[in-house]
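The exercises below each set a task and then work through a solution step by step. Please keep the sequence and the model side by side while reading.

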Amino acid sequence: MADIQELQLQIINEFKALSDWTDRYKHIIELGRQLDPLDEEYKVEENLVRGCQSQVWLHTYLENGKVIFEADSDAAITKGLVALMVRFYSGQEPDTIISTSPDFIKKIGMEEHLSPTRSNGLAAMVKQMKIYAMAYKTKLKQQKEEA
């Protein structure tokens, strides 16, 4: 698993290599196509990310002290955005997720090129991922105290 700061740089460089926003949108859509499909059992109300115009399901679990995210969406660009966030945060420790902002969003100019509703949805995804990380941090702390 790559260090989260290395991931930031990889994503920034990946998008900077694409000449314009048409290519960048195509890349985002392709990232969504590459995302492993989410099992239907996880496409439930409790896994929906609030604040997204499209439906976005975010399933998570803890594995060896690291938070694993799985996601899906019913919209191509939104699915690409959530795929990018899964790539960024999945497999990281809760503290890393909580303390690391996805600065690549601003650095690649994504904020200016997303509609306000997509921007809000992306912010909602990040917020939900950090909430899960906080819950897992608490759970891990309780497990240590009980041990």
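On a 1 Å grid over the protein atoms alone, a pocket is an open set of points where a 1.4 Å probe fits, with protein on both sides within 12 Å along at least five of seven lines, and its lining residues have an atom within 4 Å of a point. The model is a predicted one, in which local features need pLDDT of at least 70 and side-chain atom pairs count only at pLDDT 80 or more, while totals for chains, interfaces and linings use all residues. Residues are numbered from 1 along each chain as its sequence is written, and side-chain values use heavy atoms, with hydrogens and water left out.

**Exercise 1. Describe the largest pocket and the residues that line it.**

Step 1. The volume of the largest pocket is about 160 Å³, where a volume is the space filled by probe spheres set on the grid points, which are joined across faces, edges and corners.

Step 2. The lining consists of L35, D36, P37, L38, D39, Y42, I68, F69, E70, A71, V86 and S90.

Step 3. Strand β2 (residues 66–73) supplies four residues, the largest share of this lining; strands (E, at least two residues) and helices (H or I, at least four) are DSSP runs numbered from the N terminus.

Step 4. By class, the lining holds eight nonpolar residues, one polar and three charged, with Ala, Val, Leu, Ile, Met, Phe, Trp, Tyr, Cys and Pro counted as nonpolar, Asp, Glu, Lys and Arg as charged, and the others, Gly among them, as polar.

**Exercise 2. Examine the salt bridges, and state which parts of the chain the pair K66 and E93 ties together.**

Step 1. A salt bridge is taken as a side-chain nitrogen of Lys or Arg within 4 Å of a carboxyl oxygen of Asp or Glu, and by this rule the count comes to eight.

Step 2. In the pair formed by K66 and E93, the closest N and O atoms are 3.8 Å apart. K66 lies in strand β2 and E93 in the loop between α3 (76–89) and α4 (94–99), so this pair ties together parts that are 27 residues apart in sequence.

Step 3. K66, at 31% relative accessibility, is partly exposed, as is E93 at 42%, the term covering values between buried (under 20% relative accessible area) and exposed (over 50%), with a 1.4 Å probe and protein chains only.

Step 4. D72 and K79 also form a salt bridge, with 3.2 Å between the closest N and O atoms, and here both residues are buried. The two belong to a network of salt bridges that links E40, K43, D72 and K79.

Step 5. R50 and E45 meet through their side chains at 3.3 Å, N to O, and E45 is exposed, with a relative accessible area of 54%.

**Exercise 3. Where do the buried residues of helix α1 lie around its axis?**

Step 1. Helix α1 (residues 4–16) has 13 residues and reaches 18 Å from its first C-alpha to its last, close to the expected 18 Å, the expected span being 1.5 Å times one less than the number of residues.

Step 2. I4, L7, Q8, I11, I12 and F15 are the buried residues of α1. They cover an arc of only 135° around the axis, which puts them on the same side of α1; the arc is that of the directions from the helix axis to the C-beta atoms.

Step 3. An α-helix has 3.6 residues a turn, so residues three or four places apart point the same way.

Step 4. The exposed residues L9 and K16 sit on the face of α1 turned away from its buried side.
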